[in-house]
Amino acid sequence: MSATEETIKDIIVKIVHCDREVLTPTATFQDMKADSLDMVQVLVALEDEFGIEIPDEDAQKFQNFGDFVAYVEARVAEKGSA
Amino acid sequence: MLKGRVALVTGSSRGIGRAIALKLAEQGADVIINFFRRRQAAEQTAKDIESLGVTAKVIKANVGDPDKIDEMFDIISSSFGRLDIFINNAASGLPRSALDLDTKGWEWTMDINARAFLLCTQRAVKLMEGRGGKIVAISSLGSYLVLPGYVAIGISKATLEALTRYLAIELAPKGICVNAVAASLVTTEAGMLYARGGQQGESSPWQTTPVGRLVAPEDVANVVAFLCSEEAFMIRGQIIIVDGGTSLAPFTLTSKGG
């Protein structure tokens, strides 16, 4: 499990107030019991934490927690190599 | 008419904000496009504005966050050094009843829809001082009518309208005109989402207005542009309603043109 994934879990647990154990790669937003405001706040917190941008055009494609992690890791790597 | 003026329109990647940004650009203003979540849409709006022969600048900022507001105005200050027009349009909110509204939803809505108007105006005035300026806030009929699931947004818009009146008087000696425009349901993505998610059915009165059609974003933009003109100089602290007569005759709405 990467440090990035752990940080994403910290952020989601803090904002959505779900159990950390719920956050498996296939966990959906329904599994997290997150509403649309929760999700926007998670995206904003991830942007601030990692210094990246996650536009809605991309975020709308996320189906589960694994998609979040893969996207953020890719953007962070992209930023590191820029 | 607005040639050489610099305008900031918050939440202008799409919908009403985009229509206002385009209208001001058509009249010659350089426009700062602020967005929060839709970069592609914001860049498209900027491209459309530049095709009109004026300057467009895209700035990402969540206006619910005071630090991001400061960052946005720091960029405006260093890029343009002044501001002539500030349109407070950005808005957000979840459809909730009063009994289902939690502190998170309340604060989110109030911070973006009402507090941002105050904080942005405080920064905007510094860039207008000594030169005068125009400030227009975008409200809605939900500030005084009870709409389904609209409690948090309605309260935030009522706050925005009260602030409009106070600012109009406080800023009048500085040569800054402050007004608001309140529309009924507007044919934007957000407006249609609200209409579908609300409790209205196919026969909902909100599907039309006494005029026979819903309010388009351009209807709002036209009035905003007028309020930004010198012809509107003596209009201060007013809430101009753009609703095709809906608020005057709500019971006639099901018969088109009724």
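A helix crossing counts as right-handed if the near helix is turned clockwise from the far one by less than a right angle, and as left-handed if that turn is anticlockwise. Keep that in mind for the close-ups below, which all come from a predicted model.

**View 1. H1 meets H2 in chain B.** Here helix H1 (residues 15-26) of chain B packs with helix H2 (residues 39-50) of chain B at an angle of about 20 degrees, and their axes are 9 Å apart. Angles under 35 degrees count as roughly parallel, so H1(B) is roughly parallel to H2(B). As for handedness, H1(B) passes H2(B) in a right-handed crossing. On the H1(B) side, look for Arg18(B), Ala21(B), Leu22(B) and Ala25(B); they meet Thr45(B), Asp48(B) and Ile49(B) of H2(B). Sorted by class, this contact of H1(B) with H2(B) has four nonpolar, one polar and two charged residues.

**View 2. H4 and H5 pair up in chain B.** Helix H4 (residues 103-128) of chain B packs with H5(B) at an angle of about 15 degrees, with the two axes 8 Å apart. H4(B) and H5(B) are therefore roughly parallel to each other. Their crossing is right-handed. H4(B) brings plenty of residues to this contact, including Trp106(B), Met110(B), Phe117(B) and Leu118(B), while H5(B) brings, among others, Ile153(B), Leu160(B), Leu163(B) and Leu167(B). Smaller or polar-class names turn up here too: among them are Gly105(B) and Thr109(B) in H4(B), and Ser156(B) and Thr159(B) in H5(B). By class, the contact of H4(B) with H5(B) comes to 12 nonpolar, six polar and one charged residues.

**View 3. The sheet of chain B.** Follow the strands across and you get the order E3-E2-E1-E4-E5-E6-E7: seven strands in an open sheet of chain B, with parallel pairing. Strand E3 (56-60) and strand E7 (239-242) of chain B sit at the edges with a single partner strand each, so one side of each has no neighbour in the sheet. From one strand to the next, the twist averages 20 degrees.

**View 4. One edge of the sheet, and the helices that cover it.** Strand E6 (residues 176-183) of chain B runs parallel to E7(B), and four bridges join the two. Pick out Ala180(B) and then its bridge partner in E7(B), Ile239(B). Elsewhere on the sheet, helix H3 (residues 66-79) of chain B lies across strand E1 (6-9), strand E2 (30-35) and E3 of chain B, and runs at about 155 degrees to E3(B). Helix H5 (residues 151-171) of chain B packs on the sheet as well: it touches strand E5 (133-140), E6 and E7 of chain B, and its direction makes about 160 degrees with that of E6(B).

**View 5. H1 crosses H5 in chain A.** Over in chain A, helix H1 (residues 3-16) and helix H5 (residues 65-81) have axes that come within 10 Å and cross at roughly 125 degrees. H1(A) and H5(A) are therefore oblique to each other. This crossing is right-handed. Thr4(A), Glu5(A) and Ile8(A) of H1(A) make the contact with Phe68(A), Val69(A), Val72(A), Glu73(A) and Val76(A) of H5(A). The classes here are five nonpolar, one polar and two charged residues.

**View 6. Where the chains touch.** How many residues of chain A are in contact with chain B? Seven, and they face nine residues of chain B. Helix H3 (36-50) and helix H4 (56-59) of chain A each supply at least two residues of the side of chain A that touches chain B. H3(A) gives the largest share of that side, three residues. The side of chain A that touches chain B divides into three nonpolar, one polar and three charged residues.

**View 7. How confident the model is.** The model as a whole scores ipTM 0.84 and pTM 0.92. Chain A has a mean pLDDT of 91, with 99% of its residues at 70 or more. Among the elements of chain A, the lowest mean pLDDT belongs to H4(A) (89) and the highest to H1(A) (94). For chain B the mean pLDDT is 92, and 93% of its residues reach 70 or more. Which stretch of chain B has pLDDT under 50? Residues 199-203 of chain B do, and the model has four contacts for them beyond four places in sequence. Where pLDDT is low, the predicted coordinates should not be read in detail.

Key: Residues are numbered from 1 along each chain as its sequence is written. Chains are lettered from A and ligands numbered from 1 in the order in which they are written. This is a predicted model: local features need pLDDT of at least 70, side-chain atom pairs count only at pLDDT 80 or more; totals for chains, interfaces and linings use all residues. Two residues are in contact if their C-beta atoms, placed from the backbone, lie within 7 Å. Axes are lines fitted to C-alpha atoms, for helices over the stretch in contact, and angles run from 0 to 180 degrees between N-to-C directions. Angles under 35 degrees count as roughly parallel, over 145 as roughly antiparallel, 65 to 115 as roughly perpendicular and the rest as oblique. Two strands pair if DSSP finds at least two bridges between them. pLDDT is the predictor's confidence in each residue, from 0 to 100.
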